[in-house]
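This report describes selected features of one protein model for a reader who has not met it before. The sequence and structure are shown first, and the description follows.

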Amino acid sequence: MGMSVTIGPATEQDAEHILKLQYLCYQSEAELYNNYRLEPLTQTLDELRAELADGRVLVARLGDEVVGSVRGRVDEHGTAAISKLIVHPRMQRHGLGSRLLAALEELLAGEGAASRYRLFTGHRSEGNLRLYRKLGYVPVATERVSPALSLVTLEKPSGTDRAGGSVAAGELAASA
């Protein structure tokens, strides 16, 4: 019988694994934009450790292997900035990204801190845009950062499910 993927809080011991996975996962984005200087590819281990200490970081594990991760941080206005949703290429297209995002949203909403969620992706990242729209995120802004890249910011209010309807926090994890 196969192992199932579990999602839980990242630990300090996960930092190096997350960084390696992040580097692997962002290769396709770098190729898409012909830019191998994207921040996720240049982030240092110390910078990642600071994110672990300062925000919420979840990991998906298949046995002992870290196969996915997502980060979030709530600002003083109740906006949860979600970043670096990554899933190992061999695990993609099986709903793991949706599960990670839902788990982080539930965690941040359960703490009572998040009134809305915000994330961004590149304008050519159609798979990411499709996923975020499916999960109830709507584009709210586009910022051109270079001739080859515009960042699309998407948001959704806290307490909405994939279809954009209201849902209790406990139901969100069950539906993922």
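Strands β3 and β4 form a hairpin with four residues between them, and Gly78, in the turn of this hairpin, has a positive phi of about 85°. The model is a predicted one, in which local features need pLDDT of at least 70 and side-chain atom pairs count only at pLDDT 80 or more, while totals for chains, interfaces and linings use all residues. Residues are numbered from 1 along each chain as its sequence is written, and side-chain values use heavy atoms, with hydrogens and water left out. Helices (H or I, at least four residues) and strands (E, at least two) are DSSP runs numbered from the N terminus.

Strand β3 pairs with β4 and also with β2; two strands pair if DSSP finds at least two bridges between them. The table sets out both pairings.

| Strands | Sense | Bridges | Opposite residues |
|---|---|---|---|
| β2 (residues 56-62) and β3 (residues 65-74) | antiparallel | seven bridges | Leu62 and Glu65 |
| β3 (residues 65-74) and β4 (residues 79-87) | antiparallel | six bridges | Arg71 and Ser83 |

The hairpin of β2 and β3 has two residues between the strands, and Gly63 takes a positive phi near 65° there. Strand β3 is mostly covered, with seven of its 10 residues buried; buried means under 20% relative accessible area, exposed over 50%, and partly exposed in between (1.4 Å probe, protein chains only).

Positive phi values also occur in residues other than glycine. Lys84, in strand β4, has a phi near 50° and is buried, with a relative accessible area of 11%. Asn34 has a positive phi of about 50° and lies in the loop between α2 and α3 (39-42). Asn34 is exposed, at a relative accessible area of 66%.

Helix α2 (residues 27-33) contains Glu29. Which side chain of opposite charge is nearest to Glu29? That side chain is Arg93, 9.4 Å away, and the buried Glu29 has no salt bridge. A salt bridge is a side-chain nitrogen of Lys or Arg within 4 Å of a carboxyl oxygen of Asp or Glu; Lys and Arg count as positive and Asp and Glu as negative, with His and the chain ends not counted.

The side chain of Glu29 does make a polar contact of 2.6 Å with that of Ser125. Such a contact is a pair of N or O atoms within 3.5 Å; within protein, one must be able to donate a hydrogen and the other to accept it, and residues adjacent in sequence count only if both atoms are side-chain atoms. Neighbours within four places in sequence aside, Glu29 is in contact (heavy atoms within 4.5 Å) with Leu38, Ser125 and Asn128.
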